Amino acid sequence: MTLPHFATYTEKGAVESFSYLRQVCIARHRFSWSLVGLLLLTLTAGCFVTNSQEHRVNGIVYWQSGAESRALYYQAFNIARLRLDTILKTNKAGGKPLAIVTDIDETLLDNSVYEVTQLRLGFAYTSQSWETWTKKAAAKATPGSLEFLQYAQSKNVQVLYITNRGVDEEEATLRNLLELGFPWADQEHFYPMVKNAGPSKESRRLEVAQKYEIILLIGDNLSDFSDIFEVTGIGPRAEAVDKAKDLFGKHFIILPNPMYGDWESLGVYATRKDLSESEKDVLRKRVLKGEP
Ligand SMILES: [Mg+2]
C-alpha cells in the first residue's frame, strides 16, 4: 500500500531531518575545530607569553610565608635590643641625644602585597604604581619592629627615619607609621629622598649625626648603613661586607629581603638600568655558582 503522503512525509522529514542533522554536525564540527583552535592558541600562547616577573615568586613566598623570615626579623630586633641595653649602660650623660637611624621599607613596613600585585600583573616596579600603593598608607609592621622602636622610645632614644620614599609620599608614610604606633613619626624625624639628590643616604646620615649620637642603624639594604657599601658588582660588595664584618649585629642591624634590593640592582645588574627582562634573566643565571 502506497501512502504517498506518508512516504512523502517520511522522505521529506527524513531529508529535512538529515539536513538538520547535517547542519548540526557541520556546526558542531566547526565548533569542535574552533575549540581545538582556541585550545592550540592558548597552549601556543602559553609557550611564548610568560610572566617576566615569575622569577620573583620564591623570594616573595619566603618573605611572606617563611617562618624563618619572621624568625630572622625577631632575631635582628632582639639583637638590636641587646645592643641598645649595652650601649645605654656604658653611655655617658651630657652628649648629643641618642638616636637610632632606620630605613622604612621592608625594615619597618611590609610592602609585600604591592610586590604580589606587580607580580600578578607581570610588571616590574614602577614609581607610579609604587606611589599608588604607598599613598594608601596600608602597609603592616614587620615582625618585631614596632616593639623594638617603642622600647627605644621608653629608654628616651629617638628614631630617625631615613627613607628613599619621596617627599610626595611623606604625609601618607607618616600616617601609616603613626597609625601602627611607631614613635617619633613626624616631619622632624623623617628624611625622605629629595628630588635629584640621588638614592644615597650618606648626606642625610651626616645631617642626623650633627644633632644626634647615632648608636644603631637598621635596614634591609647595605646602603642603609654606610656609603662604604655603595660599590658596584657582586665581588666588590662582598669585599666591602667582609671588611665591615664586625659592625653587623653591633652597629648595623640587617634584615632579610629576597624580594628586591641593592643585591639585585647594584650587585647582579651592576647599576645598569637599560637591561631588558631577558638580559636580566641571563645575568641572574650567569652569577650562579655551580659545580666546576
Ligand atoms: Mg628598605
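These exercises, each with a worked solution, concern a predicted model of one protein chain.

**Exercise 1. Overall content and confidence**

State how many helices and strands the protein chain has, and what share of its residues counts as buried.

Solution.
1. The protein chain holds 11 helices and 7 strands.
2. It has 292 residues, of which 24% count as buried.
3. Contacts between residues at least 6 apart in sequence come next: 80% of them join residues at least 24 apart.
4. The average pLDDT is 89, and 83% of the residues score at least 70.
5. Residues 5–18 should be read with that score in view: pLDDT stays under 50 there. For this stretch the model has 1 contact beyond four places in sequence.

**Exercise 2. The strand pairings around E1 and E6**

Work out which strands pair with E1 and with E6, in which sense, and through which residues.

Solution.
1. Begin with E1. Its pairing with E6 (residues 213–219) is parallel and runs over 5 bridges.
2. Two residue pairs place this register: leucine 98 has glutamate 213 as its bridge partner in E6, and isoleucine 100 has leucine 216.
3. E1 also pairs with E4, again in the parallel sense, over 4 bridges. Here threonine 102 stands opposite tyrosine 161 of E4.
4. Turn to E6. With E7 (residues 252–254), E6 forms a parallel pairing over 3 bridges, in which glycine 219 is the bridge partner of isoleucine 254.
5. The connection from E6 to E7 involves helix H9 (residues 234–243); the three elements make a right-handed β-α-β unit.
6. As for burial, 4 of the 5 residues of E1 are buried, so the strand is mostly covered.

**Exercise 3. The buried face of H6**

Identify the buried residues of helix H6 and decide how they are arranged about its axis.

Solution.
1. Helix H6 spans residues 145–154, and its buried residues are Ser145, Phe148, Leu149 and Ala152.
2. Viewed down the axis of H6, these buried residues fall within an arc of 90 degrees, so they line one face of the helix.
3. The spacing fits a general rule: an α-helix has 3.6 residues a turn, so residues three or four places apart point the same way.
4. The cover over the buried residues of H6 includes helix H3 (67–90) and the strands E1 (98–102), E3 (140–141) and E4 (158–166).
5. Just after H6, asparagine 156 adopts a positive phi of about 65 degrees.

**Exercise 4. The largest nonpolar core**

Find which elements build the largest nonpolar core and which one gives the largest share.

Solution.
1. The core in question has 32 residues. Those with the most contacts inside it are Ala76, Ala80, Ile100, Ala152, Val159, Leu160 and Leu216.
2. Two or more residues each are given to this core by H3, E1, H6, E4, E6 and E7.
3. The largest share, 5 residues, comes from H3.
4. Leucine 160 can be followed further. Leaving out residues up to four places away in sequence, leucine 160 touches Ala99, Val101, His189, Tyr191, Val208 and Tyr212.

**Exercise 5. Two positive phi values compared with burial**

For glutamate 106 and alanine 137, give the location, the phi angle and the burial class.

Solution.
1. Glutamate 106 lies in the loop between E1 and strand E2 (109–110). Its phi is near 65 degrees, a positive value in a residue other than glycine.
2. Glutamate 106 has 23 other C-beta atoms within 10 Å. The cut-off for a buried residue is 20 or more, so glutamate 106 is buried.
3. Alanine 137 lies in the loop between helix H5 (127–134) and E3. Alanine 137 is not a glycine either, yet has a positive phi of about 50 degrees.
4. Alanine 137 has 18 C-beta neighbours inside 10 Å and therefore counts as partly exposed.

**Exercise 6. Methionine 193**

Describe the surroundings of methionine 193 and classify its burial.

Solution.
1. Methionine 193 lies in strand E5 (residues 190–193).
2. It has 18 other C-beta atoms within 10 Å, so methionine 193 is partly exposed.
3. Residues up to four places away aside, methionine 193 touches Asn164, Arg165, Gly166 and Pro199.
4. Isoleucine 162 is 31 residues away from methionine 193 along the chain, and their C-alpha atoms are separated by 8.1 Å.

Notes. Residues are numbered from 1 along each chain as its sequence is written. This is a predicted model: local features need pLDDT of at least 70, side-chain atom pairs count only at pLDDT 80 or more; totals for chains, interfaces and linings use all residues. A residue is buried if 20 or more other C-beta atoms lie within 10 Å of its own, exposed if 12 or fewer, and partly exposed in between; C-beta atoms are placed from the backbone. The arc is that of the directions from the helix axis to the C-beta atoms. Two residues are in contact if their C-beta atoms, placed from the backbone, lie within 7 Å. Two strands pair if DSSP finds at least two bridges between them. A crossover is right-handed if, with the strands pointing away from the viewer, the path from the first strand over the helix to the second runs clockwise. pLDDT is the predictor's confidence in each residue, from 0 to 100. A nonpolar core is a set of buried Ala, Val, Leu, Ile, Met, Phe, Trp, Tyr and Cys residues joined through C-beta atoms within 7 Å.
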